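Here is a short structural report on one protein chain. Start with the sequence and the coordinates, then read on for the fold, the cores and one strand in detail.

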Amino acid sequence: MNDTTTFADMPRSGTGPPQHAASRAPAAMSPDAQGGDGTARPQDDGPVLFLSGIERRYRQGEAVLEILKGAELAVWPGQSVALVAPSGAGKSTLMHVAGLLEYPDGGEVYIDGVATSTLSDMHRTRLRRTELGFVYQFHHLLPEFSAIENVILPQMIRGLSRREAMGRGTELLNYLGLKDRLTHRPAELSGGEQQRVAIARAVANAPRILLADEPTGNLDPRTSERVFNALTQLVRASGLAMVCATHNMDIAARMNRRVTLRDGLVVELE
Ligand SMILES: Nc1ncnc2c1ncn2[C@@H]1O[C@H](COP(=O)(O)OP(=O)(O)OP(=O)(O)O)[C@@H](O)[C@H]1O
Ligand SMILES: [Mg+2]
């Protein structure tokens, strides 16, 4: 992990999703957006992710569990936000809603200024593929495929040629210190290496937003440190916005912001 310019210089493939001027999030409330790659997109001064009044409830028989009760969170390009809250508080729920994997019961998710609740499934899927990257606690790599194949698959699904995808995938894995592990299958990689492949896969399509749900949750402290360093380097180098759910306070302390979930609402810490 020595060349921090390589990843930053990679072009975002494709032109991004169509924009709907009528349904933009307010570009106001601009705090200190850290870093950023300065790419000239008109909405760059607004949050790239804006969760507005998010409600989520689960019905369990007669009972209704109110998990999110109007949660608000705005994240700017280049910003890393730690989401630190007790088990069961709703971190994964919030990440799933932010990642367009679930619909909220109320409120709106704006991605790059675009309201997502009224988009077609096809459009939401496209946004997920192009604008969002996910890293989970367990890597969910495909066991039959090598490290590089796992990284190039999302790019090929997106329409890149195998050659282009290989070039970018190799560069990313090199960047993450896995130059000599390209052809290893997940079972032939250590836990930290598997997580770094998962990170490479998550950012292979150059998303704007990275959602990491306890990405170092099942790793030893030293390996978590390594994986976390890889994540923060990518965020800094590329202007990605990251929301990272974690129970690790050392890791949280090094992000730009820390938030928690209290009674279904996002609360800024410190
Ligand atoms: N599909 C579901 N049906 C019913 N209840 C659910 C469902 N998904 C989550 N919950 C409940 O919602 C609450 C929040 O779950 P969530 O997974 O978001 O917590 P979390 O903050 O990510 O916890 P952890 O730190 O343990 O991962 C929990 O009490 C959980 O039991
Ligand atoms: Mg969780």
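Among contacts in the protein with a separation of 6 or more, what percentage comes from residues 24 or more positions apart? The figure is 75%. The model is predicted.

**Overall make-up**

The protein has 270 residues, and 53% of them are buried. Its secondary structure comprises eight helices and 10 strands. The accessible surface is about 12300 Å². Carbon and sulfur atoms hold 51% of that area.

**Nonpolar cores**

The largest nonpolar core contains 40 residues. Leu173, Val197 and Leu210 have the most contacts inside it. Elements giving two or more residues to this core include the helices α4 (147-158), α5 (162-175) and α6 (191-203). Also on that list are β7 (209-213), α7 (221-238), β8 (241-245) and α8 (249-253). The top contributor is α7, with seven residues.

Which residues does Val197 touch, leaving aside those up to four places away in sequence? They are Leu141, Ala147, Asn150, Val151, Leu173, Leu178 and Leu189.

There is also a second, separate core of 33 residues. Among its members are Ile54, Ile67, Phe134 and Ala245.

**Helix α4**

The buried residues of α4 are Ala147, Ile148, Asn150, Val151, Ile152, Pro154 and Gln155. They pack against α5 and α6. An α-helix has 3.6 residues a turn, so residues three or four places apart point the same way. Ala147, Asn150 and Val151 of this buried set are also among the residues that Val197 touches. After α4 comes Gly159, with a positive phi near 115°.

**Strand β9 and its partners**

Is strand β9 largely enclosed or largely open? Five of its six residues (257-262) are buried, so the rest of the structure largely encloses β9. Its pairings are listed below.

| Partner of β9 | Sense | Bridges | Opposite residues |
|---|---|---|---|
| β3 (residues 80-83) | parallel | three bridges | Val81 and Arg257 |
| β10 (residues 265-268) | antiparallel | four bridges | Leu261 and Val266 |

With β10, β9 forms a hairpin that has two residues between the strands. Asp263 lies in the turn, and its phi is positive, about 50°.

**In brief**

The two cores hold 40 residues and 33 residues. Helix α4 packs its buried residues against α5 and α6. Strand β9 pairs with β3 in the parallel sense and with β10 in the antiparallel sense.

Definitions and conventions
Residues are numbered from 1 along each chain as its sequence is written. Chains are lettered from A and ligands numbered from 1 in the order in which they are written. This is a predicted model: local features need pLDDT of at least 70, side-chain atom pairs count only at pLDDT 80 or more; totals for chains, interfaces and linings use all residues. Side-chain values use heavy atoms; hydrogens and water are left out. Buried means under 20% relative accessible area, exposed over 50%, partly exposed in between (1.4 Å probe, protein chains only). Contact means heavy atoms within 4.5 Å. Accessible areas come from the Shrake-Rupley method with a 1.4 Å probe; for residues, only the protein chains shown count as cover. A nonpolar core is a set of buried Ala, Val, Leu, Ile, Met, Phe, Trp, Tyr and Cys residues joined through side-chain atoms within 4.5 Å. Two strands pair if DSSP finds at least two bridges between them.
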